[in-house]
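Q: Could you walk me through this structure, slowly and carefully? I have some short questions ready.
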Amino acid sequence: MPKSFLLRLVFSVLALGLVAPATPSAQAQLLARPNWERSLVTIEVTFKLHDAFQPWNEPARAIRKHGVVIGPGEVLTTAQYLPTHTLVRLQKGGRGRWHDARVKWWDAQSNLALLETDDAAFWEGLVPATLARNVSRGPDFELVRWRDGNLETRRVEFGKFTVSEGALGFAPHVQLEVSTDLGGLGWTELIVRDGAIAGLTTYSSGRVCGALPAGFIRRVLDAQRAGAFEGLGYFDFTWQPGSNPYLLKALGLEGQPRGAVVHAPGREKDPARAPQPRDIILEVGGFPIDVEGDYLDPDYGHLMLENLANRAQFAGGRLPIKVWREGREVTLDYVVPRADFANERVPREMFAGPPQYLVAGGLVFQPLSQPFLRGWGEEWRKFAPFRLQFAQFERGRDERPSLVVLSGVLPDPINLGYQDAMMLIVDQVNGRRIATLADLAEALRAPAEGGVHRVEFMPGRSLQRLVLDAAGLEEATRRVVEFYGLPAAERL
Amino acid sequence: MRLIVFSRVWLLWAVVFVAGARAQTETGLLEGPPPAVAAAAPERAVVQILVSSQWPVYDAPWRSHPVRRSSGTGFVIEGGRILTNAHVVAWAKQILIRRYQDPRLVPARVVFAGHESDLALLEPLDPRDLDGVVALQFGELPAVQSTVVTCGYPTGGDQMSFTRGVVSRIEVQPYAHPGNRALLAVQTDAAINPGNSGGPVFQGDKVVGVAFQGMPGLQNAGFFIPPEVVKHFLEDVADGRYDGIPMAGVSFEQLHNPAYRRLLGLADDGRGARVDNLRAGGPASRVLRPDDVLLAAGGFPVGADGMIPYRGNRVAASVPFQLTQAGQRLPLTIWRDGAEMNVEVEMEAFDGDRLAGRQHDVLPRYTIHAGLVFTSLSANYLDTVGVLGRDRVWEGWARLLHTLHHLPAEDPAAARPEPVVLAGILPHAVNADLGVRGRALVHRINGVRIERLEDVRRAFAEHRGAQHLLEFVGEHEGPLEAIDRERAAAAHAEILRNYNIVSDHRL
């Protein structure tokens with residue numbers, strides 16, 4: 001028997017062995033399997049960092065993440081790193097040429113963004129992928145990513161659906177958690193099943209990788225395309241589980257224990273429109289609330305009631321809330337407030353513009369924000385000044401919606417003696433209450449008696465006040481700007 | 001800045017005990033001629049103090065930790081008493097004195113403990129046990145760069161140890177033992193190690209300090225309590241009562257800024273520190289105002305740096321305040337409204353911040369109702385539950401920390417005299433459904449605002465509704481919990497029995 005025939009026979013058997021066992025459904029899956037390499041793209045983002053101690057500095061850093069083509073001329077990705085971007089480029093096929101791109105739309109709370117490029121060459125050979133309508137529980141998904149120029153597809157296990165704050169925002173919404181041993185995730189890899197996108201990863205911690213589920217993405221994008229997306233909503237009142245039956249009794253609830261107990265109100269004070277302290281939330285949007293504060297979601301199972309702020313509507317939408325109040329059921333005509341960083345006294349992000357600051361006679365003032373606190377590095381929660389961190393948990397948002405901090409002093413003759421003054425929250429300047437740098441700038445236009453600017457700090461154990469010469473302030477500020485090489489004395 | 005106090009855990013006391021007496025050694029370390037003590041070398045007045053102590057458990061305040069053994073040093077002073085550090089004898093159940101080169105163990109007791117200044121006076125139960133010991137005499141504050149010798153029983157051996165060094169600097173330092181007091185202290189490069197605590201620091205034959213603490217990260221540096229602070233303590237207790245270090249309740253700031261000086265009408269002559277903050281109700285608030293300028297305190301001129309010249313050093317202007325006895329008047333010269341004036345401030349001891357400092361020798365207060373354990377929010381409690389030194393700030397413990405250390409200064413009207421925490425829950429069916437399980441600040445119980453632990457008992461005792469309603473402190477209104485009143489009352493005794501608790505309160 002010729003040797004070549006034998007070899008051909010062996011290869012034929014091996015080849016048959018590879019395909020013959022495939023069942024009809026498996027064959028169908030193979031046929032349906034999209035070419036993810038024709039949809040998944042790499043994104044390079046160069047973005048500005050917040051230099052908490054010298055806010056006029058804006059060091060840049062670049063990262064790479066993924067995006068996916070989801071429509072003609074449109075790449076979907078997460079919003080992470082895009083709010084302060086200076087340059088965005090796209091690459092297809094995991095290698096080769098980079099194409100300049102623009103951010104068409106981004107939203108921090110939903111953590112979604114759309115990119116586009118005018119470079120026709122980029123789109124050649126790319127095809128839109130499909131976002132799954134809904135993502136059901138388990139058992140397995142696949143994770144798809146570019147790795148060293150090659151497409152990597154790995155199995156990941158379904159974990160759970162959960163409700164938590166997004167990677168960028170504070171509005172809680174549904175998230176998909178998968179388990180995997182893969183490292184280096186959270187860079188917008190695709191979670192896929194049955195040929196469709198089930199989710200986009202946003203973070204990973206240990207063996208857990210979180211993703212935005214496709215159903216959530218689809219709803220946000222549909223609303224955005226329809227011009228009806230006002231942003232994610234959130235419940236700004238605070239509640240606790242109603243799992244203590246004696247508490248429910250103490251609040252007068254009759255019948256079976258149910259519902260969650262409100263213990264702090266939100267901004268809306270009208271009791272006909274918003275839950276009040278000691279209300280028991282019985283239903284939200286028609287969904288009964290159990291004593292854990294959960295509802296039964298038809299798509300995802302038991303989820304925390306917070307998800308209902310965005311399940312059927314977004315910010316600005318009306319959402320009936322049935323509460324138990326003073327011995328009877330009351331239905332509230334609740335309007336879901338917009339999750340806006342400006343609602344927080346110490347905002348989690350400051351994306352409205354570049355970092356703000358104001359330098360007056362060498363005194364450096366900045367808004368107190370979490371980006372500022374993060375200036376203490378990865379372990380900022382350990383090292384940032386306690387009193388500044390505690391402002392995040394403090395009462396008084398209504399009286400003073402935001403805070404300004406004296407972050408440091410650039411030494412100059414005018415501020416002699418104040419070199420060590422730093423990390424102090426400003427209360428008043430020249431008798432005017434300070435909540436923003438604009439307030440401060442305004443206050444500095446009207447010096448106090450005695451020809452000085454009088455800066456007073458929040459009552460406490462640290463320095464309470466200092467004064468600066470008013471007549472010499474402008475000249476001193478000019479001197480400081482020049483001496484320390486600042487681009488400008490202020491950026492408001 | 002973290003300071004450590006130097007008593008040593010007494011692991012080898014039996015070995016120490018059997019080391020036995022031996023002939024007096026010639027140390028040759030004490031400086032200068034020893035005329036007055038030639039017949040009685042000063043080390044003969046130095047004793048080792050062996051202590052068995054038992055500290056309470058602050059989050060289960062009816063319990064105590066196992067008995068701990070430690071040792072320190074002390075020395076005999078006039079009146080047949082022994083001076084040592086308060087931290088050496090804190091929470092002592094038994095104190096034994098071992099005299100120099102003497103095999104006997106002498107039982108002793110604490111006569112006075114001044115935890116603020118970390119000093120304590122002991123006496124033997126039988127005064128005859130100090131017969132033949134010549135009391136040590138105090139000298140003056142040593143000069144910087146002068147040589148001192150420490151004497152004591154530090155770790156590393158059983159016999160008395162001597163170390164020599166120079167006085168490195170003299171200034172106000174935080175005292176680690178109370179945790180919230182800063183007093184005059186002397187830094188030296190003479191080795192001061194665990195076990196040295198309470199030992200004398202000699203210059204010639206005079207005691208010029210009491211060794212008491214070190215500072216992690218600072219090499220070749222130990223600290224001793226200077227004669228000023230020691231004398232203040234001894235004068236304080238001379239009337240048979242300990243009043244403590246007075247606190248004026250004022251903070252001064254440097255006054256270098258030309259515009260500020262001009263605004264206050266002061267020449268640019270380097271004089272005066274500005275009154276920046278006054279504690280409401282404190283003695284200083286009765287005579288001083290913000291933006292007064294302190295020109296002199298107790299006759300010491302105060303500089304724009306907030307310091308006074310003191311025996312060749314510059315030390316904080318707080319020193320004359322601290323060295324005045326409670327009840328005495330301290331003369332001040334101030335600048336107000338463009339003119340000098342003389343005022344006096346009557347000094348008072350202050351314990352309004354005792355919970356914020358580390359407490360000793362006073363068992364923690366608590367009350368228990370239906371397994372809910374309430375105790376005072378204190379630095380000891382936070383130490384116990386591990387709040388201090390946490391690696392991140394999260395709302396729960398940040399609120400505890402803020403309430404204890406910041407709120408009294410920031411908003412005295414909102415601060416409570418004794419903030420109360422639900423320290424924990426002794427599990428029982430009657431309290432099993434509570435979501436808040438402990439470490440939570442109590443706001444109200446049955447509508448009664450909780451200012452102190454007595455309010456907790458009253459709020460439970462006087463309530464007649466079907467449920468007790470508990471409100472905790474949060475950003476606005478905090479979490480709520482409830483327990484059934486009748487079931488709680490019925491279960492109370494059983495819970496105490498189950499957990500072997502003798503009394504449901506200590507108030």
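Q: How many salt bridges are there between domain 1 of chain A and domain 2 of chain A?
A: The count is zero in this predicted model, where a salt bridge is a side-chain nitrogen of Lys or Arg within 4 Å of a carboxyl oxygen of Asp or Glu. The domain bounds, which come from an automatic or database domain assignment, are 29-229 for domain 1 and 238-335 for domain 2 of chain A.

Q: And how many residue pairs are in polar contact there?
A: The rule finds four such pairs across that interface, with both residues at pLDDT 80 or more. A polar contact is a pair of N or O atoms within 3.5 Å; within protein, one must be able to donate a hydrogen and the other to accept it, and residues adjacent in sequence count only if both atoms are side-chain atoms.

Q: Which element gives the largest share of the domain 1 side?
A: That is H4(A), with five residues, a helix being a DSSP run (H or I) of at least four residues, numbered from the N terminus.

Q: What area do the two domains bury between them?
A: They bury about 1,200 Å², with 57% of it on carbon and sulfur atoms; buried area is the accessible area (1.4 Å probe) that two parts lose on being put together, summed over both. In domain 1 of chain A, Val163(A), Pro172(A) and Arg219(A) lose the most area to domain 2, together 42% of what that side buries.

Q: Switching to the two chains, what do chain A and chain B bury?
A: Between them they bury about 4,000 Å², of which 54% is on carbon and sulfur atoms. Tyr246(A), Phe386(A) and Phe393(A) supply 18% of the area that chain A buries against chain B, more than any other three residues.

Q: How many salt bridges are there between these chains?
A: There are six between chain A and chain B, including one in which the side chains of Arg387(A) and Glu410(B) meet at 2.4 Å, N to O.

Q: Where does pLDDT stay under 50 in chain B?
A: It stays under 50 over residues 1-39 of chain B, although chain B averages a pLDDT of 89; pLDDT is the predictor's confidence in each residue, from 0 to 100. Where pLDDT is low, the predicted coordinates should not be read in detail.

Q: What about numbering and cut-offs?
A: Residues are numbered from 1 along each chain as its sequence is written, and chains are lettered from A in the order in which they are written. Local features need pLDDT of at least 70 and side-chain atom pairs count only at pLDDT 80 or more, while totals for chains, interfaces and linings use all residues, and side-chain values use heavy atoms, leaving out hydrogens and water.

Methods: Contact means heavy atoms within 4.5 Å. Helices (H or I, at least four residues) and strands (E, at least two) are DSSP runs, numbered from the N terminus.
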